[in-house]
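Biologist: Please choose one part of this model for a close look, and then tell me about other parts that help me read the picture. I would like the cut-offs behind each term, so that I can judge the wording for myself.

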Amino acid sequence: MWKITPLNLGTLDMTMATMISRFGVANDVGKVVPSPLIAWLLTNLEDGRRILVDAGPGPDAEQLTRDHNPVGIRDDQQLTAVLAEHGLKPEDIQTAILTHLHWDHAIGMRYVPNARIFLQKRELLYAVAPMQSDYKFYEINIKTRIPYFLSYYNRLALVDGDTKIDDGIELISLPGHTVGSQGVLVRTPEGKYLLPGDIINCYENLNTGIPGGIFHNAPDVWGSMEKIRRYIKDERVTVLPAHDIGVFTPS
Ligand SMILES: [Zn+2]
């Protein structure tokens with residue numbers, strides 16, 4: 001059994017159209033919404049082992065704002081400070097999972113130096129040579145730097161599809177937002193929880209059945225949404241969105 005703790009690593013300004021793929025003026029698609037950058041700390045309730053799921057965008061909000069969308073990171077939202085609140089240093093983390101390799105989830109893994117990082121193989125294969133329209137999500141467009149995910153290349157533990165990696169921890173293939181996106185199914189004393197990654201940005205994606213607005217492949221998105229609905233129905237899984245401030249105040 002595990003405990004799930006959401007970590008607030010800053011804010012990324014997104015348009016409403018990014019959060020949920022609606023169309024038309026009446027849906028305020030251009031409205032800018034500050035969305036939290038969330039990682040997750042899993043703690044084994046029997047032996048205290050930890051797993052970090054995603055790692056946020058790294059420490060440099062000014063650089064990120066120049067390269068991407070406006071990013072805000074308070075000092076107390078730096079990964080090192082947030083882990084310290086839980087009595088941890090980044091180097092203490094031995095196991096990590098990336099839901100996908102987009103910059104806002106994966107740059108931070110550079111600063112978790114000892115973690116073996118579980119990732120879907122397909123995600124890595126795509127990220128090294130994506131479609132041009134996806135370059136910015138993986139920082140392939142920045143010619144002055146090696147892509148961040150290659151800096152921890154030799155720490156990646158690549159998996160292919162649904163994979164149980166520990167007692168009570170399963171990686172669930174959920175392609176669509178990206179080629180090799182995955183969710184993490186976690187057994188807790190309160191039942192099973194799914195961390196779905198960016199296919200579910202906010203509770204509204206879940207409640208309306210309309211996914212987030214950034215996706216690589218629409219049919220894969222619908223298949224993954226259906227897979228999530230089956231977990232909810234068949235196993236009464238609770239879903240925790242990837243960019244919804246509501247996860248910090250569970251009802
Ligand atoms: Zn994201």
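Modeller: What follows begins with the metal site and then turns to salt bridges, a surface patch and a few single residues.

This is a predicted model, in which local features need pLDDT of at least 70 and side-chain atom pairs count only at pLDDT 80 or more, while totals for chains, interfaces and linings use all residues. Residues are numbered from 1 along each chain as its sequence is written, and side-chain values use heavy atoms, with hydrogens and water left out.

At the metal site, the zinc ion is coordinated by Asp104 and Asp198 through OD atoms and by His105 and His243 through NE2, at 1.9 to 2.4 Å. Donors here are N, O and S atoms within 2.8 Å of the metal (3.2 Å for Na, K and Ca), and since water is not among the atoms, sites may look incomplete. The arrangement is irregular because the four donor atoms subtend angles of 93 to 150° around the zinc ion. Four donors count as tetrahedral if all angles lie between 85 and 135 degrees; four count as square planar and six as octahedral if opposite donors are over 155 degrees apart and all others between 65 and 115, and anything else is irregular. Along the sequence, the donor residues follow the spacing D-H-x92-D-x44-H. His105 lies in helix H4 (residues 103–106) and Asp198 in the loop between strand S11 (191–195) and helix H8 (203–208), so this pair ties together parts that are 93 residues apart in sequence. Helices (H or I, at least four residues) and strands (E, at least two) are DSSP runs, numbered from the N terminus. His105 and Asp198 are both buried, where buried means under 20% relative accessible area, exposed over 50%, and partly exposed in between (1.4 Å probe, protein chains only).

Turning to charged pairs, 10 salt bridges are found in the whole structure, each being a side-chain nitrogen of Lys or Arg within 4 Å of a carboxyl oxygen of Asp or Glu. One of them joins Asp166 to Arg49, with the closest N and O atoms 2.5 Å apart. Asp166 lies in strand S8 (residues 163–166) and Arg49 in the loop between strand S2 (32–44) and strand S3 (50–53), so the pair ties together parts that are 117 residues apart in sequence. Asp166 counts as buried because its relative accessibility is 19%, whereas Arg49, at 37%, is partly exposed. Salt bridges also link Asp47, Arg49 and Asp166 in a network. Lys164 and Asp167 meet in another salt bridge, at 3.5 Å from N to O; Lys164 is exposed at 53%, and Asp167 is exposed at 53%.

A further salt bridge pairs Glu139 with Arg145, at 3.2 Å from N to O. Glu139 is in the loop between H6 and H7 and is buried at 6% relative accessible area, while Arg145 is partly exposed at 32%. Glu139 also has a phi near 60°, a positive value in a residue other than glycine.

Ile146 lies in the loop between helix H6 (135–138) and helix H7 (148–151), and with 64% relative accessible area Ile146 is exposed. Together with Val128, Leu150 and Tyr153, Ile146 forms a nonpolar surface patch with about 400 Å² of accessible area. Patches are made of residues with over 30% relative accessible area and no salt bridge, like charges being joined within 9 Å and nonpolar side chains (Val, Leu, Ile, Met, Phe, Trp, Tyr) within 5 Å. The areas come from the Shrake-Rupley method with a 1.4 Å probe, and for residues only the protein chains shown count as cover.

Two single residues complete the picture. Arg236, in the loop between helix H9 (218–235) and strand S12 (238–239), is exposed at 72% relative accessibility and has a positive phi of about 45° although it is not a glycine. Leaving aside neighbours within four places in sequence, Arg236 is in contact with Lys192 and Tyr231, contact meaning heavy atoms within 4.5 Å. Ser224, by contrast, is in helix H9 and is buried at 2% relative accessibility; not counting residues up to four places away in sequence, Ser224 touches Leu174, Pro175 and Ile199.
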